[in-house]
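Here are some short exercises to work through with the structure beside you. Try each task on your own before you read the solution.

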Amino acid sequence: MPAIYTNALIFTGDRILSDHAVVTDGHVITGIVPASEYKGHPDVIDLEGGFMAPAFVDLQVYGGNGSIFFLDPSVESLRATYEASKAGGAAHIMPTLATIAPEKVLLAIQAVRDYWQEGGKGVLGLHLEGPFINPVKKGAHLEKYIHPLTREDVNWILHHGKDVVKMITLAPECCDPALVKELQDAGITIFAGHSNATYAEAIAAFENGIHHVTHLFNAMSPLESRAPGLVGTVYNQPKIFASIVADGVHVDFATVSISHKIMDGRLFLISDAAAENHEGDYIYIQQKDRYVNAAGVLAGSRLTMLQAVHNCVEKAGIPLHTALQMASLYPARALRLHNRLGRIETGYEAAFIVLRDHWDMTVYC
């Protein structure tokens with residue numbers, strides 16, 4: 001159904017427009033025109049002077065609304081996760097599976113297919129965070145499921161999930177580069193993460209085609225004076241993207257600010273959001289500003305994408321338009337989806353937020 005959105009300051013993703021209308025038909029933006037062209041039109045939606053921006057893209061989220069998707073891999077759990085994400089401004093998400101038994105992965109793959117078949121919106125595919133990670137940097141992941149990438153793993157993923165698995169986080173120092181390339185050639189974007197790679201190992205991985213890193217600073221070899229590690233390699237390589245969890249727990253807000261100054265458009269936001277869970281393989285215990293496992297290890301955030309943007313602006317000193325890009329255009333670009341997501345432009349998906357006073361937000365998608 002056509003809709004015409006007017007009376008808002010519009011941040012398109014790279015410029016600001018006033019006195020314009022955004023025209024949509026179904027889920028597609030069909031035009032951005034002077035608002036005067038639609039004065040008095042019956043399909044006008046008055047945004048009452050709000051600030052319109054592209055809806056967010058969250059490439060790492062475990063669950064929401066009381067459900068952890070990878071522990072309850074069902075359409076209902078997926079829908080709960082998506083609705084929680086959308087309430088925080090993310091119209092598109094990549095539900096994330098921690099290192100888990102393959103039976104759960106199969107159920108998650110089928111749940112995504114069923115969700116799509118039922119007309120479910122906003123789910124881009126699955127992000128497998130593991131099991132091909134370094135146990136030294138396992139974080140809250142269960143070591144019993146961790147193992148190096150094998151020929152059998154590649155065959156299994158491509159046979160069961162090629163149409164659904166869109167991202168994999170792995171430790172490149174633990175994986176055969178030829179096998180990693182097969183996954184990449186199949187259209188799966190590989191992120192380095194939960195990795196203890198040296199600078200030389202990280203450089204080799206990047207030269208072999210890995211261009212992305214998962215949750216910068218967390219569960220990876222740090223930047224030190226004589227060992228730059230994965231963090232130092234990311235800083236020093238101008239074509240490498242990295243996600244970051246801007247909650248002040250996973251990283252200090254000064255670290256977010258420093259990383260942005262170094263990386264600019266290569267740094268993007270993720271929520272890493274979880275939900276409380278007290279049974280099964282993974283325990284998520286809710287604390288004031290985080291989730292921890294039964295051993296007290298940091299296991300997930302309580303962020304929404306809007307809160308991450310707010311933190312970037314209010315606590316890391318990042319300009320609003322840049323923080324919005326970090327939550328929309330930059331993650332879309334990292335997944336090569338920037339031709340349809342992350343902007344308010346003709347031909348793009350009609351997914352945007354409207355901000356008002358005190359960070360009050362409405363999501364349209």
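**Exercise 1. Sort the residues that line the largest cavity of this predicted model into nonpolar, polar and charged.**

*Solution.* Start with the list: the lining consists of A55, F56, V57, A91, H92, R340, L341, G342, R343, E349 and A351. Next, ask which strands or helices give two or more residues to this lining; these are β6 (56-61) and β9 (90-97). Now sort by type. Glycine counts as polar here, and the lining divides into six nonpolar, two polar and three charged residues. To finish, look at the volume, which is about 50 Å³ for the largest cavity. With a cut-off of 30 Å³ or more, the count comes to one cavity.

**Exercise 2. Decide whether the aromatic pair of Y5 and Y364 is stacked or edge-to-face.**

*Solution.* Begin with the distance: the ring centres of Y5 and Y364 are 5.3 Å apart. Then take the angle, which is 70° between the planes. Because planes over 60 degrees apart count as edge-to-face, that is the label for this pair. Now find the two partners in the chain. Y5 belongs to strand β1 (residues 2-11) and Y364 to strand β20 (residues 361-364), so the pair links distant parts of the chain, 359 residues apart. Both Y5 and Y364 are buried. The model has nine aromatic pairs by this rule, and ring pairs also join Y62, F70, Y282, Y284 and Y291 into a cluster.

**Exercise 3. Two groups of residues carry the UniProt annotation "binding site" (unreviewed entry): E129, H194 and H215, and A140, N218, A219, R226, H250, L298, A299 and G300. Work out for each group whether its residues gather at one spot or not.**

*Solution.* Take E129, H194 and H215 to begin with. They span 87 residues in sequence, but no two of their C-alpha atoms are more than 11.0 Å apart, so these residues gather at one spot. The contacts of H194 fit this picture: E129 and H215 are among the residues that H194 touches. H194 sits in the loop between β12 and α5 and is buried, with a relative accessible area of 3%.

Now turn to the group that the record gives as A140, N218, A219, R226, H250, L298, A299 and G300. They span 161 residues, and the farthest two C-alpha atoms are 30.5 Å apart, so these residues do not all gather at one spot.

**Exercise 4. Is R226 buried or exposed, and is H250 buried or exposed?**

*Solution.* Locate R226: it lies in the loop between β13 (212-213) and α6 (229-236). Its relative accessible area is 81%, so R226 is exposed. H250 lies in the loop between β14 (241-244) and α7 (253-263). Its relative accessible area is 11%, so H250 is buried. Beyond its neighbours within four places in sequence, H250 is in contact with N218, V245, D272, L298, G300 and S301.

**Exercise 5. Explain why α6 is largely enclosed by the rest of the structure.**

*Solution.* List the buried residues of α6: G229, L230, V231, G232, T233, V234 and Y235. Seven of the eight residues of α6 are therefore buried, and the helix is largely enclosed. Finally, look for what covers these buried residues; the cover includes β12 (189-192), α5 (199-207), β13, β14 and α7.

Terms used:
Residues are numbered from 1 along each chain as its sequence is written. This is a predicted model: local features need pLDDT of at least 70, side-chain atom pairs count only at pLDDT 80 or more; totals for chains, interfaces and linings use all residues. Side-chain values use heavy atoms; hydrogens and water are left out. On a 1 Å grid over the protein atoms alone, a cavity is a set of points where a 1.4 Å probe fits but cannot get out, and a pocket is an open set with protein on both sides within 12 Å along at least five of seven lines; lining residues have an atom within 4 Å of a point. Grid points are joined across faces, edges and corners, and a volume is the space filled by probe spheres set on the points. Helices (H or I, at least four residues) and strands (E, at least two) are DSSP runs, numbered from the N terminus. Rings of Phe, Tyr and Trp (its six-membered ring) pair if their centres lie within 6.5 Å; planes under 30 degrees apart count as stacked, over 60 as edge-to-face and the rest as tilted. Buried means under 20% relative accessible area, exposed over 50%, partly exposed in between (1.4 Å probe, protein chains only). UniProt positions are given in the numbering used here, feature names are shortened, and annotations may be inferred rather than shown by experiment. Contact means heavy atoms within 4.5 Å.
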